[in-house]
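The paragraphs below lead through a protein and its ligand, moving from the binding site to the nonpolar interior. Please keep the sequence and the 3D view at hand while reading.

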Amino acid sequence: MRGIVCEEAGKFVYREDLPEPALNKGEAIVRIQRIGICGTDLHAYQGNQPYFNYPRVLGHELAGTIEALDENSYGLSVGDQVSIIPYIHCGECIACRSGKTNCCVSMKVFGVHIDGGMRERIAVPISHLIKTEGLTLDQAAMLEPLAIGAHAVRRSGLKAGETALVIGAGPIGLGIMALAKALGAKVIAMDVNEERLKHCRSWAKVNDTVNAQSKPKERISFITKGEFPSVVFDATGNARSMTGAFELASHGGRIVFVGLVKDEITFDDPEFHKRELTLMGSRNATKEDFDHVLRAILEGHMDISRYVTHGSAFGNMISEFDAWLKPESKVIKAVVTLED
Ligand SMILES: NC(=O)c1ccc[n+]([C@@H]2O[C@H](COP(=O)([O-])OP(=O)(O)OC[C@H]3O[C@@H](n4cnc5c(N)ncnc54)[C@H](O)[C@@H]3O)[C@@H](O)[C@H]2O)c1
Ligand SMILES: [Zn+2]
Ligand SMILES: [Zn+2]
């Protein structure tokens, strides 16, 4: 079958001789039709994704159709359109036993630790399929990046009427903004990129935007009448921004680190203490988060046609990929289409 293999940093190879996946117990074979491209794929291609082994078939934002499947109690059948939960957890570790499968000790993610979906067919545990009736294939492929935001919002305990600051207006931050708005929170978006802030206003309908380079603390204080947001999400992947987040949260507030850096984050304890802050990590997502995003899309809270800004056919992906790495392309999300 056809597939694209990232042979080493900077090198994709288009192949027509990849082995077909075997159908094992409890699994389904999914014909892949859409592959969302995200920062992880870009970093893997550029060679700066930590702990990454080559060769690897990338792709973890996946939608397609079930072609074959084992007996199951999930109500799924051949021909169903599905989205894939790409995080394969062990089911036995301390995190899995407490239902936190998203931070499994032995997590294996499609396209990262094990081969992903840049190929015609993939075997997936049936438990990791979401039936996406009523969604387009593009919408179905976007459940994964948006579920990252849904998980962060759920973890924060954000409620209607509260004010949330979302730092970082990439695909992850945008999802947080739209889902926070959908539950009735007031949302302030912050980034260094004015173009992206514009997108936050028009796409996520945020209440205010702040440029992180022009006195953000004063501006956020002004917007919140000196109280500051009770929840601060950082989705920048920038250590300086994460450090700065501590002084942008209200007294009694929560900080959620959705972005991650290969670095140490330090904070001033008296500032942390006097606010009695709660600091949380947020990793991946669970089925509940995928279901939440699916409902939010069906209810019209997120316009996926304006979230997906770029696209290509599978056969052209290798030549388009370099352009998606360049800021001039203004890419927010690219989606690759694999036809029959
Ligand atoms: N929690 C998870 O499981 C999970 C999953 C996927 C991605 N991520 C992480 O989430 C983060 C965001 O992902 P993305 O794909 O949206 O990335 P992105 O790079 O597209 O977006 C990041 C945004 O942050 C902005 N930014 C950078 N430095 C800033 C600063 N100092 N102040 C304000 N804004 C700043 C950038 O301009 C950009 O718009 C990354 O760190 C990524 O690794 C986490
Ligand atoms: Zn992704
Ligand atoms: Zn586990």
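In sorting residues by class, Ala, Val, Leu, Ile, Met, Phe, Trp, Tyr, Cys and Pro count as nonpolar, Asp, Glu, Lys and Arg as charged, and the others, Gly among them, as polar. With these classes, the shell around ligand 1 in this predicted model is made up of 10 nonpolar, nine polar and three charged residues. The shell comprises 22 residues, of which Asp191, Arg196, Val258, Ser282 and Asn284 are the closest to ligand 1.

Polar atoms of the ligand can be traced to both side-chain and backbone partners. An oxygen atom of ligand 1 lies 2.6 Å from an N or O atom in the side chain of Asp191, while a polar backbone atom of Ile172 is found 3.0 Å from an oxygen atom of the ligand. At Val258, a polar backbone atom is 3.0 Å from a nitrogen atom of ligand 1. Taken on its own, ligand 1 has 860 Å² of accessible area, and the protein covers 77% of this.

Turning to the interior, the largest nonpolar core holds 96 residues, and the members that touch the most others are Ile37, Met118, Met177, Phe233 and Met302. To this core helix H4, spanning residues 143–156, gives the most, with seven residues. Met302 can serve as an example: when its neighbours within four places in sequence are left aside, Met302 is in contact with Leu146, Ala178, Leu179, Trp203, Val293, Ala296 and Ile297. Separate from this is a second core of 18 residues, among them Ile188, Phe246, Ile255 and Phe257.

Key. Residues are numbered from 1 along each chain as its sequence is written. Chains are lettered from A and ligands numbered from 1 in the order in which they are written. This is a predicted model: local features need pLDDT of at least 70, side-chain atom pairs count only at pLDDT 80 or more; totals for chains, interfaces and linings use all residues. Side-chain values use heavy atoms; hydrogens and water are left out. A residue is near a molecule or strand if one of its heavy atoms lies within 4 Å of it. A polar contact is a pair of N or O atoms within 3.5 Å; within protein, one must be able to donate a hydrogen and the other to accept it, and residues adjacent in sequence count only if both atoms are side-chain atoms. Accessible areas come from the Shrake-Rupley method with a 1.4 Å probe; for residues, only the protein chains shown count as cover. A nonpolar core is a set of buried Ala, Val, Leu, Ile, Met, Phe, Trp, Tyr and Cys residues joined through side-chain atoms within 4.5 Å. Buried means under 20% relative accessible area, exposed over 50%, partly exposed in between (1.4 Å probe, protein chains only). Helices (H or I, at least four residues) and strands (E, at least two) are DSSP runs, numbered from the N terminus. Contact means heavy atoms within 4.5 Å.
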